[in-house]
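Here are my notes on the model, set out as numbered points for reading beside the coordinates. They begin with one helix and its cover and then move outward.

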Amino acid sequence: MSDETRAAPKEPSLVGLILGVITDIRTLFSTEIQLATAEVRFNIGRLAVAFAIILAGGIIFGVAGIALLGALVAALSPSFGPVIGSLITAAVAAITGGGLLAIGITKMRTGPLAPRRALANLRTYADSVGKKQELRDDHP
């Protein structure tokens, strides 16, 4: 075989390279949007579970609390009278309920709903594309 009959590997054209980059960027952003959607769904699901647990615990605690508060008023009434016994019981219940509310609110604030990982990836990709563009602009 002569050198003339052998075909040299064909170099992709500039237009082909640009179209390939555009396709890759579209695919990348589509994938990142899917990741962000999945992350938001996961975070909302986690929040819903936390809320359901708080609600169930609150209901059960409320039922038990009513019985305990009645027993505490009855126990304190002979010593302090019904009014003072009721006030002491109400103060204990208010402190306990406030503490539980604070814990529940803290649990709900533990994580943002925004897709942090996906946004960080998009920022990284945007930075790298910007740096490549700067290099191309510097070298004509």
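1. The buried residues of H2 have cover that includes H1. Those buried residues in H2 are Gly85, Thr89 and Gly104. Please keep in mind throughout that this is a predicted model, and that the values below are computed from it.

2. Helix H2 covers residues 82-108 and helix H1 covers residues 14-80. For H2, 27 residues at 1.5 Å a residue should span 39 Å, and the end C-alpha atoms lie 38 Å apart, so the expected and modelled spans agree.

3. The same check can be made on H1. Its 67 residues should span 99 Å at 1.5 Å a residue, and because its end C-alpha atoms are 92 Å apart, the two values are taken to agree. Buried in H1 are Glu32, Ala36, Glu39, Asn43, Gly65 and Leu76, a list that a colleague may wish to follow along the helix in the viewer.

4. After H1 comes Gly81, which has a positive phi, near 90°. The numbering of the helices, with H1 at 14-80 and H2 at 82-108, shows where to look for this glycine in the chain.

5. Which residues form the nonpolar patch on the surface? They are Leu72, Phe80, Val83, Ile84, Leu87, Ile88 and Val92, and together they have about 600 Å² of accessible area. H1 and H2 each supply at least two residues of this patch, while H2, with five residues, gives the most to it.

6. Val83 is a useful member of the patch to inspect by itself. This valine has its place in helix H2, and is it buried or exposed? Its relative accessible area is 59%, and because a residue counts as exposed when that value is over 50%, Val83 is classed as exposed. Within H2, then, exposed Val83 can be set beside Gly85, Thr89 and Gly104, which are buried.

7. Turning to the whole protein, the model has three helices and zero strands, and from the N terminus on its elements run α-α-α. Of the 140 residues, 9% are buried. The accessible surface comes to about 11200 Å², and carbon and sulfur atoms account for 71% of that surface.

8. A last point concerns contacts along the sequence. When contacts between residues at least 6 apart in sequence are considered, 78% of them join residues that are at least 24 apart. The cover that H2's buried residues receive, which includes H1, can be read alongside that figure.

Technical notes
Residues are numbered from 1 along each chain as its sequence is written. This is a predicted model: local features need pLDDT of at least 70, side-chain atom pairs count only at pLDDT 80 or more; totals for chains, interfaces and linings use all residues. Side-chain values use heavy atoms; hydrogens and water are left out. Helices (H or I, at least four residues) and strands (E, at least two) are DSSP runs, numbered from the N terminus. Buried means under 20% relative accessible area, exposed over 50%, partly exposed in between (1.4 Å probe, protein chains only). Contact means heavy atoms within 4.5 Å. Accessible areas come from the Shrake-Rupley method with a 1.4 Å probe; for residues, only the protein chains shown count as cover. Patches are made of residues with over 30% relative accessible area and no salt bridge: like charges are joined within 9 Å, nonpolar side chains (Val, Leu, Ile, Met, Phe, Trp, Tyr) within 5 Å. A salt bridge is a side-chain nitrogen of Lys or Arg within 4 Å of a carboxyl oxygen of Asp or Glu. The expected span of a helix is 1.5 Å times one less than its number of residues.
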